[in-house]
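Biologist: I would like to learn how to read a protein model feature by feature, with the general idea first and the particular case afterwards. Could we go through one together?

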Amino acid sequence: MNWSEMLFQSWSGIVRTIIVGTLAYVFLIVSLRVSGKRTLAKLNAFDLIVTVALGSTLATILLSESVALAEGVTGLVLLILLQYAVTALSVRSERFSRFVRSEPILLLRNGKPLTKAMHNARVTDAELETVVRTAGKNDMASIGAVILESDGSFSVIESKLDENDEII
């Protein structure tokens, strides 16, 4: 094993990384501005996959000498165009939209965990308690709802109490 090659191989590799990386980065920024905010919105699992794929493609362009800038840019354009097509189809077709995105899941209602929904979403009691504590609450009884959103985040909605401290 050549230890010195692990730390430094050649100046040409570094120069290539700087030039190709800068051009690919600029192209990605311009493409994302043209394609709109939705391209990187993490509204559902599909959007997250596209965001990760864009990052992975950029990294490959930067570090793989076997991938030319033109090929990498083609990959970035393809991902952005596919994202645009999927979102456009989702807006036009409810059936297609249901296919590519998940629906939010109600996990807790009026302080009571919904066991079946939690089981289906693979969320444990301990994880639900963590979500409630993260929202700054120490008592599930004070929570109106906990929702597992389409993007994998949790929304915690407080209960509204009347003047007698009873849940409305």
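Modeller: Let us begin with a pair of strands, where a strand is a DSSP run of E with at least two residues, a helix is a run of H or I with at least four, and both are numbered from the N terminus. Two strands pair if DSSP finds at least two bridges between them. Here strand β3 (residues 143-148) and strand β4 (residues 154-158) are paired in the antiparallel sense over five bridges, and within this pairing Ala145 stands opposite Ile157 in β4. The two strands form a hairpin with five residues between them, and Gly152 in the turn has a positive phi of about 90°.

Before we go on, note that this is a predicted model, in which local features need pLDDT of at least 70 and side-chain atom pairs count only at pLDDT 80 or more, while totals for chains, interfaces and linings use all residues. Residues are numbered from 1 along each chain as its sequence is written, and side-chain values use heavy atoms, with hydrogens and water left out.

Biologist: In what order do the four strands form the open sheet?

Modeller: The order is β2-β1-β3-β4, with antiparallel pairing. Because β2 (112-113) and β4 stand at the edges, each has a single partner strand, and one side of each is left without a neighbour in the sheet. At the β2 edge, β1 and β2 pair over two bridges in the antiparallel sense, and Arg109 has Lys112 in β2 as its bridge partner.

Biologist: How should I read a nonpolar core, and which residues make up the largest one?

Modeller: In soluble globular proteins, nonpolar side chains tend to be buried together. A nonpolar core is a set of buried Ala, Val, Leu, Ile, Met, Phe, Trp, Tyr and Cys residues joined through side-chain atoms within 4.5 Å, and buried means under 20% relative accessible area, exposed over 50%, and partly exposed in between (1.4 Å probe, protein chains only). The largest core in this model has 12 residues in all, including Leu107, Ala117, Val131 and Ile143. The elements that give two or more residues to this core are β1 (105-109), α6 (115-121), α7 (125-134) and β3. A second, separate core of 10 residues includes Val20, Ala24, Leu28 and Leu58.

Biologist: How many salt bridges does the structure hold, and are the residues of the pairs buried or exposed?

Modeller: Side chains of opposite charge can pair when their charged atoms come close. The cut-off for a salt bridge is a side-chain nitrogen of Lys or Arg within 4 Å of a carboxyl oxygen of Asp or Glu. The structure holds two of them. In one, Glu94 pairs with Arg98, the closest N and O atoms being 4.0 Å apart; because these residues are four apart in helix α5 (residues 94-100), they are separated by about one helical turn. Glu94, at 47% relative accessibility, counts as partly exposed, and Arg98, at 49%, is also partly exposed.

In the other, the side chains of Lys137 and Glu158 meet at 3.2 Å, N to O. This pair links distant parts of the chain, since Lys137 is in the loop between α7 and β3 and Glu158 is in strand β4, 21 residues apart. Lys137 is partly exposed, with a relative accessible area of 22%, and Glu158 is partly exposed, with 49%.
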